[in-house]
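Biologist: Please take a close look at the nonpolar core of this protein and at the residues packed around it. I would like one connected account rather than a list.

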Amino acid sequence: MSEEKLSGIIDAINEILEDRAVPKNIRRTAEEVLQILQDKNKDLDLRVNKSISMFDEISDDPNMPIHIRTLIWNIVSELEAL
């Protein structure tokens, strides 16, 4: 079940990466989160908590498009449910 949810979260992060309206710093953070989530060598809880923390840091960026902010909030909600 967790792997299915994680797969959906990774798909949502890929949406952020593919959107050219997203500023580079936000795209860079999304890439880092993607790498963290895909690192099977670390415990899932650790990966999830680090990812949530990183998204929280950028969620108040004034340059972030509103639809991306909403998507990030949705991703964080899904991560918290894991």
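Modeller: What follows goes from the whole chain to the core, and then to single residues in and around the helices.

The model is a predicted one. The protein has 4 helices and 0 strands, and the order of elements from the N terminus is α-α-α-α. With a radius of gyration of 12 Å, close to the 12 Å that the globule rule gives for 82 residues, the protein is as compact as a globular protein of that length. Along the principal axes, its C-alpha atoms fill a box of roughly 30 × 20 × 20 Å.

Of the 82 residues, 43% count as buried. The accessible surface of the protein is about 5,000 Å², and carbon and sulfur atoms account for 46% of that surface. There are 10 positive and 17 negative charges in the protein, and the mean positions of the two sets are 6 Å apart. If one takes the contacts between residues at least 6 apart in sequence, 56% of them join residues at least 24 apart.

Now the core itself. In soluble globular proteins, nonpolar side chains tend to be buried together. Here the largest nonpolar core has 25 residues, and those with the most contacts inside it are Ile-13, Ile-16, Leu-37, Phe-55, Ile-72, Ile-75 and Leu-79. At least two residues of this core come from each of α1 (2–18), α2 (24–38), α3 (44–58) and α4 (66–81). Helix α1 gives the largest share, 7 residues.

Ile-16 is one of the residues with the most contacts inside the core. Apart from neighbours within four places in sequence, Ile-16 is in contact with Val-22, Arg-27, Ala-30, Ile-68, Leu-71, Ile-72 and Ile-75. Two of these partners, Ile-72 and Ile-75, are also named among the residues with the most contacts inside the core.

Ala-12 is found in helix α1. Its relative accessibility is 12%, so Ala-12 counts as buried, the limit being under 20%. Beyond four places in sequence, Ala-12 is in contact with Leu-71 and Ile-75, both of which also appear among the contacts of Ile-16. Ala-12 and Arg-69 are 57 residues apart along the chain, and their C-alpha atoms are separated by 12 Å.

Leu-37, in helix α2, is another of the residues with the most contacts inside the core. At 1% relative accessibility, Leu-37 counts as buried. With neighbours within four places in sequence left aside, Leu-37 is in contact with Leu-6, Ile-9, Ile-13, Arg-47, Val-48, Ser-51 and Leu-79. From Leu-37 to Ile-10 there are 27 residues along the chain, and the C-alpha atoms of the two are separated by 7.9 Å.

The contact between Leu-37 and Arg-47 leads on to helix α3, where Arg-47 lies. Arg-47 has a relative accessible area of 5% and is buried. Besides Leu-37, the contacts of Arg-47 beyond four places in sequence are Leu-6, Ile-36, Gln-38, Asp-39, Lys-40 and Lys-42. Leu-6 is thus listed for Arg-47 and for Leu-37. The C-alpha atoms of Arg-47 and Asp-19 are separated by 24 Å, with their positions 28 residues apart along the chain counted as sequence distance.

A second arginine, Arg-69, lies in helix α4. Arg-69 counts as buried at 15% relative accessibility. Not counting residues up to four places away in sequence, Arg-69 touches Ser-59, Asp-60, Asp-61, Pro-62 and Met-64. Arg-69 and Val-22 are 47 residues apart in sequence, and from C-alpha to C-alpha they are 10.0 Å apart in space.

Notes:
Residues numbered from 1 in each chain as written. Predicted model: local features only at pLDDT ≥ 70, side-chain atom pairs only at ≥ 80, totals over all residues. Heavy atoms only, no water. Rg over C-alpha atoms; globule rule 2.2 N^0.38 Å. Buried < 20%, exposed > 50% of the residue type's maximum accessible area, 1.4 Å probe, protein only. Contact = heavy atoms within 4.5 Å. Areas by Shrake-Rupley, 256 points an atom, 1.4 Å probe, with all protein chains shown as cover. Lys, Arg positive; Asp, Glu negative; His and termini not counted. Charge placed at Lys NZ, Arg CZ, Asp CG, Glu CD. Core = buried A, V, L, I, M, F, W, Y, C linked by side-chain atoms within 4.5 Å.
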